[in-house]
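Hi,

Here is the structure I promised to pass on. Have a look at it first, and then read on for what turned up.

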Amino acid sequence: MNTAADTVDSTLVLLTVTEAARRLSVGRTTCFALIRSGALESLMVGGLRRVPADAPAAYLARRRAEQRAA
């Protein structure tokens, strides 16, 4: 059963850290660690941390390229 939390809104430009974590299938703590390390792009909007909607896909593309190069 799908809930509202499972639905992806493709019109969003910025994601919360929780939404970005869900797209990456990781927890919030891991997502914050990726942000802190610079691996996942984020920005502050007012006092809120937001992740550009295309950043999770860009992170995965970089990781896949690194895996292929290794």
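Of the 70 residues in the protein, 20% count as buried. Keep in mind that this is a predicted model. Along its principal axes, the C-alpha trace spans about 40 × 35 × 20 Å. The secondary structure comes to three helices and three strands, and from the N terminus on the elements run β-α-α-β-β-α. If you care about contact order, take the contacts between residues at least 6 apart in sequence: 41% of them join residues at least 24 apart.

Sheet first. The three strands make an open sheet in the order 1-3-2, with antiparallel pairing. Strand 1 (14-15) and strand 2 (43-45) are the edge strands, each pairing on one side only.

Strand 1 is joined to strand 3 (residues 48-52) by two bridges, and the two run antiparallel. If you want to check the register, L14 stands opposite P52, while L15 has V51 as its bridge partner. On the other side, strand 2 and strand 3 pair over three bridges, again in the antiparallel sense. M44 is bridged to R49 there. Strands 2 and 3 also form a hairpin with two residues between them, and G46 in that turn has a positive phi of about 65°.

Now the helices. Two packed helices are described by the angle between their axes and the distance between the axes, so here are both values for each pair.

Helix 1 and helix 2 (residues 28-37): the axes come within 9 Å and cross at roughly 100°. Angles from 65 to 115 degrees count as roughly perpendicular, so that is what helix 1 is to helix 2. On the helix 1 side the contact is made by V17, T18, A20, A21 and L24, and on the helix 2 side by R28, C31, F32, L34 and I35. By type, the residues of this contact divide into eight nonpolar, one polar and one charged.

Helix 1 (residues 17-24) and helix 3 (residues 55-69): here too the axes come within 9 Å, but the crossing is at roughly 40°. That makes helix 1 oblique to helix 3. The crossing of this pair is right-handed. A20, R23 and L24 from helix 1 meet P56, Y59 and L60 from helix 3. The residues of this contact divide into five nonpolar, no polar and one charged. A20 and L24 are listed in the contact with helix 2 and in the one with helix 3.

A few single residues are worth a click in your viewer.

What is odd about the phi of S25? Most residues other than glycine have a negative phi. The phi of S25 is near 60°, a positive value in a residue other than glycine. S25 lies in the loop between helix 1 and helix 2. Is S25 buried or exposed? With 66% relative accessibility, S25 counts as exposed, because the cut-off for exposed is over 50%.

P56 in helix 3 goes the other way. P56 has a relative accessible area of 4%, so it counts as buried. Which residues does P56 touch, not counting those up to four places away in sequence? They are L15, A20, R23, L24, L40 and V51. Among them, A20, R23 and L24 are the helix 1 residues of the contact with helix 3, and L15 and V51 are the bridge partners between strand 1 and strand 3. R36, by comparison, is 20 residues from P56 in sequence and 14 Å away in space, C-alpha to C-alpha.

A53 sits in the loop between strand 3 and helix 3. Leaving aside neighbours within four places in sequence, A53 is in contact with L12, V13, L14, L15 and R23. L14 and L15 from that list are the residues of strand 1. For a longer sequence separation, look at T11: A53 and T11 are 42 residues apart in sequence and 9.1 Å apart in space, C-alpha to C-alpha.

If you open just one spot, I'd pick P56, with its contacts to L15, V51, A20, R23 and L24, among others.

Cheers

How values were computed. Residues numbered from 1 in each chain as written. Predicted model: local features only at pLDDT ≥ 70, side-chain atom pairs only at ≥ 80, totals over all residues. Heavy atoms only, no water. Axes fitted to C-alpha atoms, helices over the stretch in contact; angles between N-to-C directions. Helix = DSSP H or I, 4+ residues; strand = E, 2+ residues; numbered from the N terminus. Parallel < 35°, antiparallel > 145°, perpendicular 65-115°, else oblique. Left-handed = near helix turned anticlockwise from the far one by under 90°. Contact = heavy atoms within 4.5 Å. Nonpolar A, V, L, I, M, F, W, Y, C, P; charged D, E, K, R; others polar. Pairing = 2+ DSSP bridges. Buried < 20%, exposed > 50% of the residue type's maximum accessible area, 1.4 Å probe, protein only.
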